[in-house]
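Me: I am new to this structure and would like a close look at a single part of it, the nonpolar core and the elements around it. Please take your time and connect the pieces as you go.

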Amino acid sequence: MPDLVVIGGGTAGFFGAIACAESLPKPADILILEKSSHLLTKVKISGGGRCNVTHACFDPRELTSNYPRGERSLMGPFHQWRTEDTVDWFEARGVELKTEADGRMFPTTDNSQTIIDCLTEAARELGIRWETKVEVREIEVSGKKFCIRTTGNREMEASAVLLATGGTRSAAAAKPAKDLGHALIPAMPSLFTFHIDDPRLRDLPGLSVPQATVQDLETKQTSRGPLLITHWGLSGPAVLKLSAWGAREMAKRDYRFEVEVNWLGDESWEEAEEVLRRQRAEHGSRQIASRSPFESLPRRLWNRLVEHSGISKKATWANLPKQSAKTLLQNLVQARFQVSGKSLNKEEFVTCGGVRLKDVNLK
């Protein structure tokens, strides 16, 4: 009989199994069960195949502030296990991490397989076993033991069980937690991009700005960060963060709502207006569409916003009417877009909901 059965062969399952094995005074029989044919699949695709391991935020209080739900609850755990503990854990096993400009930390190899190999090797050295294509169908508590039934009418007992299914969106993923008496909060998407059909964005997929502000006009929730134009609308960290914070509210509105975009990040209307005024004073004969006065704006996006403001390609700064300048400013710092749905962030999928935090002893 295994000392511990871990349900789920993802990052949490592997790291949880390793942490248990390392903390016990004597070798334990630990078994990981994974229903799919592959282990650590989300690690493989994380960070575009490079694996975003952690973030270079070493203050637990600041780190918890980035979590849409559970900020207070995570304060204790993040003091017990800090970002530097994660970095040290991997480096002790020969995996060096690097920090990029936005704070994300990746293995220096830029290859997610490095992290997969590290986790599986660490587990193997501790004698941890794993099986794939094994789905847990039912769990019962019998005295101080857990009776686990899996596909193929197989039964096993364990002294302890660790649930690491990665979410409760599917009925199969939710059943182990329900079997153990947990009342589940409905799961829903918490990391998605916005469907927007707007002439200002058409034929511009791949263009991005390094710092933009996006606000949900109904809830007034605001997010700042890089913003990416896609074939279907808007994506990038600014949109993904906003979707995480507003996950439940956006679901209630069936993902139909209005957002306001400031393509210039934190730059105010008055600051942008001053830039246009200087262009008129210093470059009056220059065609407006020929060059963007804002370095962060790609030229094609600038041209599109100029066009959408009713300004002709040959118009110069000297003959820019006040109303056209006002419309251009609106398109730069107060551009409104109707969101008509959502898309997943490539193959990655994050949900909110599941087991209630108050059901978990975070100490």
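Reply: What follows begins with the chain as a whole, moves to the core and its surroundings, and ends with a few residues elsewhere in the chain.

The model is a predicted one, and its protein chain holds twelve helices and 19 strands. Measured out along the principal axes, the C-alpha trace of the chain spans about 85 × 40 × 35 Å. Of the 363 residues in the chain, 42% are buried. Among the contacts with a separation of 6 or more, 71% are between residues 24 or more positions apart.

The largest nonpolar core has 46 residues, and Phe194, Leu227 and Trp263 are those with the most contacts inside it. Helix H12, residues 322-333, supplies the largest share of this core, namely five residues. A second core, separate from this one, has 26 residues, including Val6, Ile18, Val43 and Cys118.

Phe194 is a good place to begin reading the larger picture. Setting aside neighbours within four places in sequence, Phe194 is in contact with Trp232, Gly233, Leu234, Val239, Leu242, Ser243, Met250, Phe257, Val259, Val339 and Gly341. Several of these names return in the elements described next.

Helix H8, residues 237-245, is one such element, and its buried residues are Ala238, Val239, Leu240, Leu242, Ser243 and Ala244. These buried residues pack against strand S12 (192-195), strand S13 (208-216), strand S14 (222-229), strand S15 (233-235) and helix H9 (247-252). Val239, Leu242 and Ser243, which are among the buried residues of H8, are also among the contacts of Phe194.

Strand S17, residues 335-339, shows how a strand can present two faces. In a regular strand the side chains alternate between the two faces of the sheet. In S17 the covered face consists of Ala335, Phe337 and Val339, whereas Arg336 and Gln338 make up the uncovered one. Val339, from the covered face, is also in contact with Phe194. S17 pairs with strand S16, residues 257-262, in the antiparallel sense over five bridges, and within this pairing Val261 stands opposite Ala335.

Helix H12 can be followed further through its packing with helix H10, residues 269-282. The two helices pack at an angle of about 130°, with their axes 10 Å apart, and they are therefore oblique to each other. Their crossing is right-handed. On the H10 side the contact is made by Trp269, Ala272, Glu273, Leu276 and Arg280, while H12 contributes Ala325, Lys326, Leu328, Leu329, Gln330 and Val333.

The surroundings of H8 also lead to a residue from an earlier part of the sequence. Arg69 lies in the loop between helix H3 (60-64) and helix H4 (75-80), and it counts as partly exposed because its relative accessibility is 34%. Although Arg69 and Trp245 are 176 residues apart in sequence, their C-alpha atoms are 7.9 Å apart in space. Apart from neighbours within four places in sequence, Arg69 is in contact with Ser190, Ala244, Trp245, Ala247 and Cys352; of these, Ala244 is one of the buried residues of H8.

A comparable link across the sequence involves Ala177, which is found in helix H7, residues 171-179. Ala177 is buried, with a relative accessible area of 3%. Its C-alpha atom and that of Gly354 are separated by 8.8 Å, with their positions 177 residues apart along the chain. Not counting residues up to four places away in sequence, Ala177 touches Leu163, His182, Leu184 and Val355.

Elsewhere, three strands form an open sheet with antiparallel pairing, in the order S7-S8-S9. Strand S7 (136-142) and strand S9 (154-158) are its edge strands, each pairing on one side only, and neighbouring strands of this sheet are turned by 20° against each other on average, direction ignored. S7 and strand S8, residues 145-150, pair over six bridges, and the bridge partner of Ile139 in S8 is Ile148.

Two loop residues complete this view. Leu40, in the loop between strand S2 (30-34) and helix H2 (41-49), has a phi near 55°, a positive value in a residue other than glycine, and is buried, with a relative accessible area of 2%. Lys133, in the loop between strand S6 (129-132) and S7, has a phi near 60°, again positive in a residue other than glycine, but is exposed, with a relative accessible area of 61%.

Methods:
Residues are numbered from 1 along each chain as its sequence is written. This is a predicted model: local features need pLDDT of at least 70, side-chain atom pairs count only at pLDDT 80 or more; totals for chains, interfaces and linings use all residues. Side-chain values use heavy atoms; hydrogens and water are left out. A nonpolar core is a set of buried Ala, Val, Leu, Ile, Met, Phe, Trp, Tyr and Cys residues joined through side-chain atoms within 4.5 Å. Buried means under 20% relative accessible area, exposed over 50%, partly exposed in between (1.4 Å probe, protein chains only). Helices (H or I, at least four residues) and strands (E, at least two) are DSSP runs, numbered from the N terminus. Contact means heavy atoms within 4.5 Å. Two strands pair if DSSP finds at least two bridges between them. Axes are lines fitted to C-alpha atoms, for helices over the stretch in contact, and angles run from 0 to 180 degrees between N-to-C directions. Angles under 35 degrees count as roughly parallel, over 145 as roughly antiparallel, 65 to 115 as roughly perpendicular and the rest as oblique. A crossing is left-handed if the near helix is turned anticlockwise from the far one by less than a right angle, and right-handed if clockwise.
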